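Me: I am new to this structure and would like a close look at one part of it. Please choose a single strand, follow it through its neighbours, and then set it against the rest of the chain.

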Amino acid sequence: MKTLIAAYSGVLRGERQAEADRSQRSHGGPALSREGSGRWGTGSSILSALQDLFSVTWLNRSKVEKQLQVISVLQWVLSFLVMGVACSAFLMYIFCTDCWLIAVLYFTWLVFDWNTPKKGGRRSQWVRNWAVWRYFRDYFPIQLVKTHNLLTTRNYIFGYHPHGIMGLGAFCNFSTEATEVSKKFPGIRPYLATLAGNFRLPVLREYLMSGGICPVNRDTIDYLLSKNGSGNAIIIVVGGAAESLSSMPGKNAVTLRNRKGFVKLALRHGADLVPMYSFGENEVYKQVIFEEGSWGRWVQKKFQKYIGFAPCIFHGRGLFSSDTWGLVPYSKPITTVVGEPITIPKLEHPTQQDIDLYHTMYMEALVKLFDKHKTKFGLLETEVLEVLNS
C-alpha cells in the first residue's frame with residue numbers, strides 16, 4: 001500500500017510539473033526541466049506498483065490458504081487421536097462441578113441413543129459439506145476416481161486398500177463431500193465402517209456419525225444391507241490394524257489373503273463387492289517398523305488382539321515447517337481408484353467353497369486394478385502389489 005501511495009504521489013507531482021511547463025511555454029520561456037515529460041514515466045510506475053501490490057496480495061493469500069489446509073488436517077488428526085478420551089475426561093470433570101446436571105443429562109440421553117450407530121447413525125449433509133474438508137482435500141491433494149457406474153438397485157461392500165496409518169483417503173472421500181462422492185455415484189449412500197469402540201466415547205461418536213461413519217461389526221452391516229433399502233455402500237478397510245503395522249512410504253502391500261469375513265457378509269446379503277486402491281495412502285507418514293519376534297511387534301499385536309487397534313510409532317511434519325517432525329501428514333497426493341463391481345449372488349448359508357471362490361475373484365480384481373492404474377500415479381511398470389496373509 002505504501003508503494004501504491006508513493007507512486008500515486010509521483011503522478012500528482014508529474015502532473016503539476018507538466019502544468020508548469022505548459023504555462024512557461026505560453027509565456028515564451030523554455031521548459032523548466034525534463035521532469036515535465038516524465039508524466040508517462042510516472043504512469044508506468046503506478047502500473048508497476050499495482051502489479052507489485054497484487055503480487056504481494058496473491059502471495060499472502062496463497063500462504064494463508066496453505067496454513068488453513070495444515071490446520072484443517074491437524075484438527076482431524078487430533079480428533080482421531082485424542083477427542084474421545086479428552087471429551088470423556090471433560091465430562092467426568094463436569095460431574096465434580098456445579099454444572100454436573102449437564103453431564104447427567106448427556107449420559108442419560110446416551111443410554112437411550114446407544115444403538116443409533118448400529119442403524120447407520122445420524123448423517124449430516126451440513127457437516128459433510130463443511131469448507132474445512134475442502135482445505136483438507138487440497139492439502140495433499142486427495143482425489144476420487146470413478147471407473148464404473150453403480151446401480152442404485154443394488155447394495156455394495158467396498159474394500160478399501162491400503163489402510164495406511166489413519167486411512168486419510170477413506171475418510172475424505174466417503175465421510176465428506178470434498179471429492180463429490182454423491183455426484184460421482186448418484187443415489188449411493190456411503191458408510192465408512194470403523195472400530196466399534198469409537199462409538200462408546202462421548203461426543204466423538206456424534207462427530208463420527210455426522211459424517212456417515214458406522215461401526216464395523218456384523219449387527220451394523222446386517223442392518224444396513226437388509227433393512228435400509230438399496231443403494232447402500234459400506235466401506236471396509238479390510239487390512240485393518242494388521243495392515244497399518246506394515247505401512248511405510250514406497251511399500252505397496254495389502255493384508256488380504258486370509259481376510260474373508262467381508263466376502264461372507266456380501267454373499268449372505270447379495271451385496272456386490274467393489275475393490276478400491278488408494279495410491280499414495282502409505283506415503284503421508286513415516287513409521288518405525290518393528291521386526292517379527294521383537295518386543296515392539298509383540299506389544300503391538302497384543303494391543304491389536306485385545307483392544308482392536310495397534311499402536312504405531314509414526315511421524316509426519318511439523319505445524320509450521322515441513323523440515324520438522326510432528327503429527328501433520330506430509331502433503332503427498334492420494335488418489336483413490338474405485339474399481340468395477342463384482343456381482344455377488346445372495347446365499348443365506350454360503351459354503352467355504354463359495355467364500356473362497358469369490359474371495360479369489362476379489363483378490364484378482366484388486367491386483368488387476370492396481371496394475372492398470374499404477375503408472376498413472378507415479379509408480380513404475382515393474383511395481384507389484386503384494387497380497388499378504390496377516
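Reply: Strand S1, which covers residues 142-146, pairs with strand S11 in the parallel sense, and five bridges join the two. One position to look for in this pairing is Leu144, whose bridge partner in S11 is Thr336. The model you are looking at is a predicted one, and the values given here are computed from it.

S11 also pairs with strand S7 (residues 272-279), but here the two strands run antiparallel and four bridges join them. In this pairing, Tyr277 has Val337 of S11 as its bridge partner.

With these two pairings in view, turn to S11 itself, which spans residues 334-338 and is mostly covered, five of its five residues being buried. The side chains can be followed by direction: Ile334, Thr336 and Val338 point one way from the strand, while Thr335 and Val337 point the other way, and all of them are buried. Thr336, the bridge partner of Leu144, therefore counts as buried in the sense of having under 20% relative accessible area.

For the setting of this strand, consider the whole protein chain, whose secondary structure comes to 13 helices and 12 strands. Of its 390 residues, 44% are buried. Among contacts between residues at least 6 apart in sequence, 77% join residues at least 24 apart. The chain exposes about 20,800 Å², and carbon and sulfur atoms supply 60% of that area.

The pockets complete the picture. The largest pocket has a volume of about 1,400 Å³, and it is lined by 50 residues, with Phe80, Thr194, Leu195, Asn198 and Phe309 lying nearest its centre. Helix H2 (39-95) supplies the largest share of this lining, eight residues, and among the other elements that each supply at least two residues are strand S3 (189-194), helix H8 (204-210) and strand S5 (232-237). By residue type, the lining of the largest pocket divides into 32 nonpolar, 16 polar and two charged residues.

The second largest pocket has a volume of about 290 Å³ and is lined by 15 residues, of which Ala242, Ser246, Glu292, Arg297 and Ser390 lie nearest its centre. Helix H12 (residues 295-306) gives the largest share of that lining, three residues, and the lining of this second largest pocket divides into five nonpolar, four polar and six charged residues.

Definitions and conventions. Residues are numbered from 1 along each chain as its sequence is written. This is a predicted model: local features need pLDDT of at least 70, side-chain atom pairs count only at pLDDT 80 or more; totals for chains, interfaces and linings use all residues. Side-chain values use heavy atoms; hydrogens and water are left out. Buried means under 20% relative accessible area, exposed over 50%, partly exposed in between (1.4 Å probe, protein chains only). Two strands pair if DSSP finds at least two bridges between them. On a 1 Å grid over the protein atoms alone, a cavity is a set of points where a 1.4 Å probe fits but cannot get out, and a pocket is an open set with protein on both sides within 12 Å along at least five of seven lines; lining residues have an atom within 4 Å of a point. Grid points are joined across faces, edges and corners, and a volume is the space filled by probe spheres set on the points. Ala, Val, Leu, Ile, Met, Phe, Trp, Tyr, Cys and Pro count as nonpolar, Asp, Glu, Lys and Arg as charged, and the others, Gly among them, as polar. Contact means heavy atoms within 4.5 Å. Accessible areas come from the Shrake-Rupley method with a 1.4 Å probe; for residues, only the protein chains shown count as cover.
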